[in-house]
Amino acid sequence: MRFMVITKATAESEAGVLPATEDFDTMGAFIEELVDAGVLLAADGLQPSATGARIYVDGDRRTVVDGPFTETKELIAGYFLVETKSLEECVEWFKRYPIRQPAGAPTNIEIRRVFQAEDFGETFTAEQREAVEKRHAKVGGNS
């Protein structure tokens, strides 16, 4: 099963405060464990929301709003894409995630299962499944 593990932004990450050297070492060691276990598929941190935009959709209308965005606790700071045997295994890995956060600033990590073809049942035709597999092959993803 594939899971997206979403790390949340903090006031510091939104302000563009970069991790300390020790933080890179600590995170690097955790990521290396994921790699060595064959669990990690992808991982990246994201720039502050001030460097991004949102597109609001209302029917055919698209409205673009530039960052920054105010609700820091709702913002994503980074992600991991992992493959584990179960949600429980993924949770066990990320209970060990070395979160850098200021004292008194609780945060959370969100874990969401990635849809796979078999999750859609009979409504997802063989032709549709084949088309998705071809697209994944072009971009190097898993189906």
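Colleague: I have the model open at helix α2. Which residues of α2 are exposed?

Modeller: Good place to start! Keep in mind that this is a predicted model. T21, E22, F24, D25 and D36 are exposed on one side of α2. On the other side, the buried residues are M27, F30 and L34. Viewed down the helix axis, those buried residues fall within an arc of 60°, so they line one face of α2.

Colleague: What do the buried residues of α2 pack against?

Modeller: Their partners are β2 (40-45), β5 and α3. As for the helix itself, α2 has 16 residues and spans 22 Å from first C-alpha to last, close to the 22 Å expected at 1.5 Å a residue. Just after α2 comes G38, with a positive phi near 75°.

Colleague: How should I read a group of buried nonpolar residues?

Modeller: Here is the general idea: nonpolar side chains tend to be buried together in soluble globular proteins. In this model, the largest nonpolar core has 12 residues, among them M27, F30, L34, F80, F94 and Y97. At least two core residues come from each of β1 (2-8), α2 (21-36), β5 (76-83) and α3 (87-94).

Colleague: Which residues does Y97 contact, leaving aside its neighbours within four places in sequence?

Modeller: Y97 is in contact with T7, M27, F30, F80 and I109.

Colleague: Two of those have aromatic rings. How do I describe a pair of rings?

Modeller: You give the distance of the centres and the angle of the planes. This model has 8 aromatic pairs. One of them joins F30 and Y97: the centres are 5.8 Å apart and the planes meet at 75°, which is edge-to-face. F30 sits in helix α2 and Y97 in the loop between α3 and β6 (109-113), so this pair links parts of the chain that are 67 residues apart.

Colleague: Why is the pair of F80 and Y97 edge-to-face?

Modeller: Its ring centres are 5.6 Å apart and its planes stand at 85°, so the pair counts as edge-to-face, the cut-off being over 60 degrees. F80 lies in strand β5 and Y97 in the loop between α3 and β6, so the pair ties together parts 17 residues apart in sequence. Both F80 and Y97 are buried. Ring pairs also link F30, F80, F94 and Y97 into a cluster.

Colleague: Where does R54 lie relative to F69?

Modeller: R54 is over the face of the F69 ring, 3.9 Å from the ring centre.

Colleague: And what kind of peptide bond runs from G67 to P68?

Modeller: That bond is cis, with omega near 10°. You can find P68 in the loop between β4 (61-66) and β5.

Methods:
Residues are numbered from 1 along each chain as its sequence is written. This is a predicted model: local features need pLDDT of at least 70, side-chain atom pairs count only at pLDDT 80 or more; totals for chains, interfaces and linings use all residues. Side-chain values use heavy atoms; hydrogens and water are left out. A nonpolar core is a set of buried Ala, Val, Leu, Ile, Met, Phe, Trp, Tyr and Cys residues joined through side-chain atoms within 4.5 Å. Buried means under 20% relative accessible area, exposed over 50%, partly exposed in between (1.4 Å probe, protein chains only). Helices (H or I, at least four residues) and strands (E, at least two) are DSSP runs, numbered from the N terminus. Contact means heavy atoms within 4.5 Å. The expected span of a helix is 1.5 Å times one less than its number of residues. The arc is that of the directions from the helix axis to the C-beta atoms. Rings of Phe, Tyr and Trp (its six-membered ring) pair if their centres lie within 6.5 Å; planes under 30 degrees apart count as stacked, over 60 as edge-to-face and the rest as tilted. A charge sits over a ring if NZ of Lys or CZ of Arg is within 6 Å of the ring centre and within 35 degrees of the ring normal.
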